[in-house]
Amino acid sequence: MDLLEYQGKQLFARHEIPVPSGIPARTVDEALAAAEKIGYPCVVKAQVKIGGRGKAGGVKVAANAEEVREHSEAILGMDIKGFTVYELWIEEASEIEAEYYAAIVFDRSARAALVMLSTQGGMDIEQVSAETPEAIATLHVDPLLGFQPFEARRLAFEAGIDADLIRPIGDFLTRLYETFIAEEALLVEVNPVIITPERKVRALDSKVTLDPSALYRHEENAKLRDPSDEDPQEQMARDRGLTYVKLDGDIGILGNGAGLVMSTLDVVAQYGGEPANFLDAGGGSKADAITGAVEVICSNEKVKAVLFNIFGGITRCDEVANGLIEAFATAKPTVPFVVRLDGTNDVEGRKILADAKLPGVHTAATMNEAAEMVVALAKGESV
Ligand code: GDP
Ligand code: MN
């Protein structure tokens, strides 16, 4: 779950990371009132969950109330890379002597947090990383030992930070790591970290991604969840208690058991298809779970064909077949289905389906056969 810049800064402030003070505003009048409290000059900042706001004209310094009005009017409602600005953050203006870059990201392949620091802040870090990767100092944190203060200082030294700032930047990184761990974040990024003329370190921007699965442990953060930026299918699936992950393709997938669903995705990909989702209907796979699953899968407009891959163990194939018949009566899908039933009561299950003559439902005996069929159906070929 991504936070807005100011929500990230409020989170930072709770962990004693220095940030400029500011007030959120949703209208021009609110922005003017906020600016009066903060004083001038102040900065009017678009709050959208996308970077590059500055370049797009979404970050403007205002010297007086007139300029706050002018900038707020221009920025509210602005479109930044497809994101509409509904909210502003009015912040005390900072004097900038230098702009650095700092980030901590969860590096899954290394099974550890990765800390990154660069003196090339303020600009596009992807560009820095592509052109001068040596300008970014990095360190993987040992999850058991944690991020040691001497490591933070060494990283600052390696990044080429001025001698008098090694300690303050080290402290800054240490607090950033504390925030990352305490809030169960997947990413905390500050671009830029600024150095003021008084040689103070401050977070001038923030990008925070929290682990959505850990939100139940963080009441304050859970309140920041914005249903409007959630994927509609993932929302539907959560309401129905299903484990669903949206993917980019056009073949809907349902299986019972996470391992089976993952291998189904692989087999479909091997036959040249692109899965539209991961959906694990769970061990029991009762009729209501199947109806819910069919509704969620088919509500994704990209889906052109659906593969049901059931391996009966505890799950009985006849029960799944009856569930599917019920689901067809309620959800009335319009795309073709391929159903592979194997394992406990598979013969009965296939017979139930054959007798029901559901429109557009094909049966397959093996996973490979099923994958091949569904890929062909998604391409509009007949099987
Ligand atoms: P982004 O473009 O979405 O990354 O938004 P930022 O919050 O990083 O702001 C973009 C740029 O605006 C920063 O890199 C700064 O150079 C500039 N900026 C933002 N706030 C201030 C400020 O208080 N004072 C000054 N002088 N520049 C600022
Ligand atoms: Mn930035």
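This is a short walk through two bound ligands in a predicted model.

Start with ligand 1. Which two domains give residues to the shell around it? They are domain 1, spanning 21-92, and domain 2, spanning 98-222. Both contribute, so ligand 1 lies between them. The surroundings number 15 residues. Those that come nearest are Lys45, Arg53, Gly54, Ser94 and Glu99. By character, the shell splits into six nonpolar, five polar and four charged residues.

Now look at the polar contacts. The side chain of Arg53 places a polar atom 2.7 Å from an oxygen atom of ligand 1. Gly52 uses its backbone instead: a polar atom there is 3.3 Å from a ligand oxygen. Asn191 also takes part through its backbone, with an N or O atom 3.2 Å from an oxygen of ligand 1. Taken alone, ligand 1 has 560 Å² of accessible area, and the protein covers 77% of it. Two elements give two or more residues to the shell: strand S2 (42-46) and strand S10 (185-195).

Asn191 leads on to the metal. Ligand 2 is a manganese ion. What coordinates the manganese ion? Asn191 does so through O, and Asp205 through OD, at 2.1 to 2.2 Å. This pair links distant parts of the chain, 14 residues apart. Asn191 sits in strand S10. Asp205 belongs to the loop between strand S11 (201-203) and strand S12 (207-210). Are these two residues buried or exposed? Both Asn191 and Asp205 are buried.

Asn191 therefore appears twice in this picture: its backbone has an atom 3.2 Å from an oxygen of ligand 1, and its O atom coordinates the manganese ion.

Notes:
Residues are numbered from 1 along each chain as its sequence is written. Chains are lettered from A and ligands numbered from 1 in the order in which they are written. This is a predicted model: local features need pLDDT of at least 70, side-chain atom pairs count only at pLDDT 80 or more; totals for chains, interfaces and linings use all residues. Side-chain values use heavy atoms; hydrogens and water are left out. A residue is near a molecule or strand if one of its heavy atoms lies within 4 Å of it. A polar contact is a pair of N or O atoms within 3.5 Å; within protein, one must be able to donate a hydrogen and the other to accept it, and residues adjacent in sequence count only if both atoms are side-chain atoms. Accessible areas come from the Shrake-Rupley method with a 1.4 Å probe; for residues, only the protein chains shown count as cover. Helices (H or I, at least four residues) and strands (E, at least two) are DSSP runs, numbered from the N terminus. Ala, Val, Leu, Ile, Met, Phe, Trp, Tyr, Cys and Pro count as nonpolar, Asp, Glu, Lys and Arg as charged, and the others, Gly among them, as polar. Domain bounds come from an automatic or database domain assignment. Donors are N, O and S atoms within 2.8 Å of the metal (3.2 Å for Na, K and Ca); water is not among the atoms, so sites may look incomplete. Buried means under 20% relative accessible area, exposed over 50%, partly exposed in between (1.4 Å probe, protein chains only).
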